[in-house]
Amino acid sequence: MYKQNRYQLPKGTYEPGKKVNVVIEGEFIKVLDIEKNNLIVKHRISNERGS
């Protein structure tokens, strides 16, 4: 959740204890895997509330 909006992760991404970084770059939100140092998902940040 970011600014009252939910952003989905790809199916099968979740693992107990997994740590990620959330990075905001301009109009995008990126979720990065800390251990593997790779991009999990990138979404355009919604200007709407709750969408």
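Q: In this model, where does asparagine 37 lie?
A: The model is a predicted one, and in it asparagine 37 is found in the loop between β2 and β3.

Q: What is the phi of asparagine 37, and how should a reader look at such a value?
A: Most residues other than glycine have a negative phi. Asparagine 37, although it is not a glycine, has a positive phi of about 55 degrees. The turn to which asparagine 37 belongs is part of a hairpin formed by β2 and β3, with four residues between the two strands.

Q: Is asparagine 37 buried or exposed?
A: The word exposed is used for a relative accessible area over 50%, and asparagine 37, with a relative accessible area of 69%, is therefore exposed.

Q: Which residue takes a positive phi in the hairpin of β1 and β2?
A: In that hairpin, which has two residues between the strands, the positive phi belongs to glycine 26, with a value near 60 degrees. The loop between β1 and β2 also holds glutamate 27, which counts as partly exposed because its relative accessibility is 44%, a value between the limits of 20% and 50%.

Q: What does glutamate 27 touch, once residues up to four places away in sequence are not counted?
A: With those residues set aside, glutamate 27 touches His43, Arg44 and Ile45. A separation in sequence can also be set beside a separation in space: glutamate 27 and methionine 1 are 26 residues apart along the chain, and their C-alpha atoms are 15 Å apart.

Q: In what order do the three strands form the sheet?
A: The order is β1-β2-β3, in an open sheet whose pairing is antiparallel. Because β1 and β3 stand at the edges and each has a single partner strand, one side of each is left without a neighbour in the sheet. From one strand to the next, the twist averages 20 degrees.

Q: How many bridges join β2 to β3, and which residue of β3 stands opposite lysine 30?
A: Six bridges join β2 to β3, and the residue of β3 opposite lysine 30 is lysine 42. On the β1 side, the antiparallel pairing of β1 and β2 likewise extends over six bridges; there valine 23 stands opposite lysine 30, while valine 20 stands opposite aspartate 33.

Q: What can be said about the surroundings of lysine 42, a residue of strand β3?
A: Leaving out residues up to four places away in sequence, lysine 42 touches Phe28, Ile29 and Lys30. Lysine 42 counts as partly exposed, because its relative accessibility is 43%. Its C-alpha atom is separated by 10 Å from that of proline 10, although the two residues are 32 residues apart along the chain.

Q: How much space lies in the largest pocket, and which residues line it?
A: Rolling a probe the size of a water molecule over the atoms shows where empty space is left. In this model, about 170 Å³ of space lies in the largest pocket, and its lining includes Met1, Tyr2, Gln8, Val20, Ile29 and His43.

Q: Which strands each supply at least two residues of that lining, and how do the lining residues divide by character?
A: The strands β1, β2 and β3 each supply at least two residues of the lining of the largest pocket. By character, the lining residues comprise nine nonpolar and two polar residues, with no charged residue in the lining.

Definitions and conventions. Residues are numbered from 1 along each chain as its sequence is written. This is a predicted model: local features need pLDDT of at least 70, side-chain atom pairs count only at pLDDT 80 or more; totals for chains, interfaces and linings use all residues. Side-chain values use heavy atoms; hydrogens and water are left out. On a 1 Å grid over the protein atoms alone, a cavity is a set of points where a 1.4 Å probe fits but cannot get out, and a pocket is an open set with protein on both sides within 12 Å along at least five of seven lines; lining residues have an atom within 4 Å of a point. Grid points are joined across faces, edges and corners, and a volume is the space filled by probe spheres set on the points. Ala, Val, Leu, Ile, Met, Phe, Trp, Tyr, Cys and Pro count as nonpolar, Asp, Glu, Lys and Arg as charged, and the others, Gly among them, as polar. Two strands pair if DSSP finds at least two bridges between them. Axes are lines fitted to C-alpha atoms, for helices over the stretch in contact, and angles run from 0 to 180 degrees between N-to-C directions. Buried means under 20% relative accessible area, exposed over 50%, partly exposed in between (1.4 Å probe, protein chains only). Contact means heavy atoms within 4.5 Å.
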